[in-house]
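Reader: I want to learn how to read a ligand site and a protein core. Where do we start?

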Amino acid sequence: MPSTGFASDNRIYDPAETLPRPELEALQLERLRALVERVAQVPFYRAHLGRHDIGPRGIRSLDDLRRLPFTTKADLRQHQPLGFLAVPRAEVARIHGSSGTTGRPTFVAYTARDLQTWAGLCARFLVAGGLRPEHTVQIAFGFGLFTGGFGLHYGVERVGAAVIPAASGNTRRQLDIMREINPEVLVCTPSYALTIADGARELGIDPRSLSLRFGHFGGEPWTEDMRREIEDQLDIQAFNNYGLSEIIGPGVSGECAARTGMHIQEDHFLVECLDPETLEPVPEGEPGELVITTLTREAWPMLRYRTRDIARLWRDPCPCGRTTIRMSRVAGRSDDMLIIRGVNVFPSQIEEALLRVEGTSPHYLIEVDRPGTLDRVRVQVEIRPELFSDRMERMPTLRDRIAREIHALAGIRAEVELVEPRSIERFAGKAKRVVDLRRL
Ligand code: DLL
């Protein structure tokens, strides 16, 4: 990933972000020992540590992390609600949850101190990506069980900037608010940022004329091409941030002004990158599943949580001065990876292919089925309004080009269907891009 200088002025919120590596690692080790002591409050972990005779004194170096058990989403589900709580119920200050695919939320808990830590972590990435106390931020994330709204809200407040808790959805209202209050910053999912741009155009407003100067986007996978789209359509700078509710919510990592990967907040999280099959570490820079251990969570400590998110890690120094490991964009999830005729495909590869072809929009739906014995992939792509009306004769060429790009990037043959602008469902939160109709 080439560094192209800083996208905004380079500021660091917390000196902990620049700790020399030996100091950082000493702090991690101390916190890991304290964590092993704390997780003994959780029956699931107590049983494991007892069986393997591991106590805080058995943790001599950070490599001893590998002696600790993994935790999976299935473990969390099995011990719902709040089976992983490590403090007395009276000390719980907040409960969030993630809806997941089953519809039943899995809950996670925070103490008052966890909430303080969380606000500080969000403040770090917000400042890294340009937020200053004089700014106003429109948050178009859900405020509810989802961690996006509240997490970013308290992060913005911690920085000392003004928050508009607009919440998600109702694009027209988002635009009204934006035009009356003129925020410089937008916070939402990347797909919703594009919906806002579309919504503006529908109202006859040039989205580039809005007051926005930059945006902090996260909560779902997106590509570098999608960043360019968002930046171009809204005339802003777009920063990526990553997190998950099981760990804390947003605030696990985020981009700095150099935008060459997201800095992992390593004084609070130990992150491993493992082969999802063998669970052995992958060589540095190779894609693997992120496995996260929370070093400071009080109410909800997690040992080696298997995120299912596939990304790459690298350690080389960043020009911004932070000393932390950086992670790449999330390429997909090991559990939503599609296997099509034996080829592993991530929806993000298809998105990348689409966006390479001029005339397409980043709104698409991938449908997989198996009419006979072979998988069939159909990709519906919205094309841009200016192409749809008067250039119908160019459609077959466009379709072929998209299919060729998909083949080149993802290694599969897909049927491409060009559809009218705005015919694919929009989501105010995370976009749904895949429908798998196969009975596997
Ligand atoms: O989405 C937390 C969050 C909110 C992060 C707002 C950033 C901004 P969950 O609902 O538990 O929590 O979903 C977590 O979303 O495991 C990833 O698969 C995906 N995800 C989150 N951020 C990114 C990102 C929140 N920047 C799951 N890029 C994670 C790609 C992301 N995927």
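Author: Start with the strand that supplies the ligand shell. In this predicted model, β7 gives the largest share of the shell around the ligand, 5 residues.

Reader: Which elements give two or more residues to that shell?

Author: Two are listed: α5, residues 147–159, and β7, residues 237–244.

Reader: How many residues surround the ligand, and which are the closest?

Author: The count is 21. The closest are Asn 240, Asn 241, Ser 245, Asp 309 and Lys 430.

Reader: How does the shell divide by class?

Author: Sort the residues into three groups. Here the shell has 9 polar, 7 nonpolar and 5 charged residues.

Reader: Which polar atoms of the protein lie by a nitrogen atom of the ligand, and at what distance?

Author: Separate side chain from backbone. In the side chain of Asn 240, an N or O atom is 2.8 Å from a ligand nitrogen. Two backbone cases follow. Glu 220 places a backbone N or O atom 3.2 Å from a nitrogen atom of the ligand. For Pro 221, the corresponding backbone distance is 3.4 Å.

Reader: How much of the ligand's accessible area does the protein cover?

Author: Take the ligand on its own as the reference. Its accessible area is then 610 Å², and the protein covers 93% of it.

Reader: Now the core. What is the general idea?

Author: Nonpolar side chains tend to be buried together in soluble globular proteins. In this model, the largest nonpolar core has 69 residues. Leu 68, Tyr 242, Trp 300 and Met 327 have the most contacts inside it.

Reader: Which helix gives the largest share of this core?

Author: Helix α4, residues 112–128, with 8 residues.

Reader: What does Met 327 touch?

Author: Set aside residues up to four places away in sequence. Its partners then include Tyr 242, Met 262, Ile 264, Leu 290 and Leu 313. Also among them are Ser 253 and Arg 312.

Reader: What other core lies apart from the largest one?

Author: One of 24 residues. Ile 350, Val 357, Ile 383 and Ile 406 are among its members.

Reader: Let's try a charged residue. Is Arg 132 buried or exposed?

Author: Compare its relative accessible area with the cut-off. Arg 132 has 4%, so it counts as buried, the limit being under 20%. Arg 132 sits in the loop between α4 and β3.

Reader: What does the side chain of Arg 132 reach?

Author: Look for polar partners. The side chain of Asp 9 makes a polar contact with that of Arg 132 at 2.7 Å. The backbone oxygen of Val 127 is 3.2 Å from the Arg 132 side chain. Beyond four places in sequence, the contacts of Arg 132 also include Arg 11, Val 159 and Ala 161.

Terms used. Residues numbered from 1 in each chain as written. Predicted model: local features only at pLDDT ≥ 70, side-chain atom pairs only at ≥ 80, totals over all residues. Heavy atoms only, no water. Near = heavy atom within 4 Å. Polar contact = N/O pair within 3.5 Å; in protein donor to acceptor, adjacent residues only side chain to side chain. Areas by Shrake-Rupley, 256 points an atom, 1.4 Å probe, with all protein chains shown as cover. Helix = DSSP H or I, 4+ residues; strand = E, 2+ residues; numbered from the N terminus. Nonpolar A, V, L, I, M, F, W, Y, C, P; charged D, E, K, R; others polar. Core = buried A, V, L, I, M, F, W, Y, C linked by side-chain atoms within 4.5 Å. Buried < 20%, exposed > 50% of the residue type's maximum accessible area, 1.4 Å probe, protein only. Contact = heavy atoms within 4.5 Å.
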